[in-house]
Amino acid sequence: MTTPFTGERIRTAREIFGLTQAALRDQAGVSQSLLSQVERGQKPASRDLVDAVAKAVDLPLEFFDVILDEVPLDSLRFRKQQTASAVTTRRAHALFQEGFRVSRLLVEGTGYPRPSLPVATGELQKEDIVELAAETRRALQLDGSKPIPHLMRSVERAGIPVAPIVLPDDDETSTKNQHFGLSYWSGPDEDAFIGYFPGHQGDRDRFTLAHEVGHLVLHLRRRPADPEREANLFAGELLMPFERAQETLSGHLTLNEYRQVKALWGVSIQGLVMRAKQVGAIDDERSTSLWKQISARGWRRIEPVTVQPESPVLLGRLRRHLYGDRPLRDLRKELALSTTLLKSLLDPGSPRVHQDPDNVVPLRMRQ
Ligand SMILES: [Zn+2]
């Protein structure tokens with residue numbers, strides 16, 4: 001059976017795979033003008049058309065019957081990336097929506113608790129963001145002043161499923177090392193979901209995740225002029241609270257000592273230098289000098305000290321709770337998504353560690 005929304009679902013399928021109408025026409029062997037009319041809702045989709053498209057992109061027929069609660073694109077704040085193309089943005093949005101839909105089904109089916117995070121309202125000063133990050137630590141059941149051992153686990157335990165957004169057939173050139181995320185929260189005690197492009201570097205992924213949690217807390221009810229700056233400040237604060245940052249990142253710290261701090265806190269050296277400046281632990285001159293050294297050592301591209309990337313586990317657990325050991329291919333119909341896409345959401349496995357042996361300096365404690 002097709003619905004009045006089938007045309008939209010065909011467009012979504014196209015967006016997920018980054019296909020133009022002409023490319024889908026060729027792959028599915030259907031008429032392009034028919035595709036265009038169906039996508040615009042000017043003609044109903046015939047079963048034959050849906051069959052052909054489903055086969056071409058390997059999606060189950062159920063995908064095309066889904067009536068989606070759309071997540072508005074403008075509510076998804078891509079962590080700022082000038083290099084992300086419009087096609088990549090649409091693909092990420094389409095995949096995020098499918099991830100959110102599946103995540104909701106699993107959360108609903110298992111009765112897993114929804115998040116109760118603080119919700120910011122009104123004008124915020126820097127001190128307010130410091131306080132909101134502290135409240136968020138409490139909501140995530142984290143110690144107020146210690147390093148966060150496994151941020152992803154804490155976020156998921158608090159009822160926010162996380163999944164990597166992996167573009168099918170991605171040659172990696174479009175997303176490699178971009179470290180961006182997307183997040184959405186319907187409201188207190190309702191569903192939330194965070195998607196991220198795994199960047200193979202644990203410290204960067206942790207910052208992305210903390211940044212997205214910042215959007216959930218800070219921007220559910222507010223539309224400030226510069227949400228990215230606020231989310232970055234929140235992320236720094238969540239990962240390394242103000243007072244700890246002030247005492248840890250004193251002006252005398254050498255760049256080599258920053259490596260030890262990175263290993264302990266899971267924050268990149270570059271992030272720590274920015275944080276040191278933010279909390280007033282170093283002045284402009286010291287900051288400039290540290291950045292020069294970072295550049296000279298080639299650490300802008302690859303930093304020493306590998307922070308193991310964290311991988312999400314919640315959706316996989318909910319899936320097993322609901323469906324036991326049934327293989328993913330058996331869940332295609334119920335979850336209305338292809339096996340490959342289900343795997344990337346529900347069974348992402350351990351991420352690869354990005355390591356460039358020429359640039360990784362072994363961690364050595366300075367006496
Ligand atoms: Zn952002």
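Just after helix 2, Gly 29 takes a positive phi of about 65°. This is a good place to start reading the model, which is a predicted one. Helix 2 itself spans residues 21-28, and from here we can look at what surrounds it.

Which residues of helix 2 are buried? They are Leu 24, Arg 25 and Ala 28. Because these three cover an arc of only 105° around the axis, they sit on the same side of helix 2. A general point about helices helps here: an α-helix has 3.6 residues a turn, so residues three or four places apart point the same way. The cover over the buried residues of helix 2 includes helix 1 (6-16), helix 3 (32-39) and helix 4.

Let us take helix 4 next, which runs over residues 47-57. Its axis lies 9 Å from that of helix 2, and the two helices pack at an angle of about 95°. That angle makes helix 2 roughly perpendicular to helix 4. On the helix 2 side, the contact uses Leu 24, Gln 27 and Ala 28, and these meet Ala 52, Val 53 and Ala 56 in helix 4. Five residues of this contact are nonpolar, one is polar and none is charged. Leu 24 and Ala 28 may look familiar, as both are among the buried residues of helix 2.

The two other helices named in that cover also meet each other. The axes of helix 1 and helix 3 come within 7 Å and cross at roughly 115°. Helix 1 brings Gly 7, Ile 10 and Arg 11 to the contact, while helix 3 brings Leu 35, Val 38 and Glu 39. Here the residues divide into three nonpolar, one polar and two charged.

Now jump far along the chain to helix 14, residues 314-323. Its buried residues are Leu 314, Leu 315, Leu 318 and Arg 319. Seen down the axis, they fall within an arc of 135°, so they line one face of helix 14. What do the buried residues of helix 14 pack against? Their partners are helix 5 (86-110), helix 7 (151-157), strand 1 (162-164) and helix 16 (339-346). After helix 14 comes Gly 324, with a positive phi near 60°.

Finally, step back to the whole protein. There are 16 helices and three strands, and of the 367 residues, 41% count as buried. Among contacts between residues at least 6 apart in sequence, 74% join residues at least 24 apart.

Methods
Residues are numbered from 1 along each chain as its sequence is written. This is a predicted model: local features need pLDDT of at least 70, side-chain atom pairs count only at pLDDT 80 or more; totals for chains, interfaces and linings use all residues. Axes are lines fitted to C-alpha atoms, for helices over the stretch in contact, and angles run from 0 to 180 degrees between N-to-C directions. Helices (H or I, at least four residues) and strands (E, at least two) are DSSP runs, numbered from the N terminus. Angles under 35 degrees count as roughly parallel, over 145 as roughly antiparallel, 65 to 115 as roughly perpendicular and the rest as oblique. Two residues are in contact if their C-beta atoms, placed from the backbone, lie within 7 Å. Ala, Val, Leu, Ile, Met, Phe, Trp, Tyr, Cys and Pro count as nonpolar, Asp, Glu, Lys and Arg as charged, and the others, Gly among them, as polar. A residue is buried if 20 or more other C-beta atoms lie within 10 Å of its own, exposed if 12 or fewer, and partly exposed in between; C-beta atoms are placed from the backbone. The arc is that of the directions from the helix axis to the C-beta atoms.
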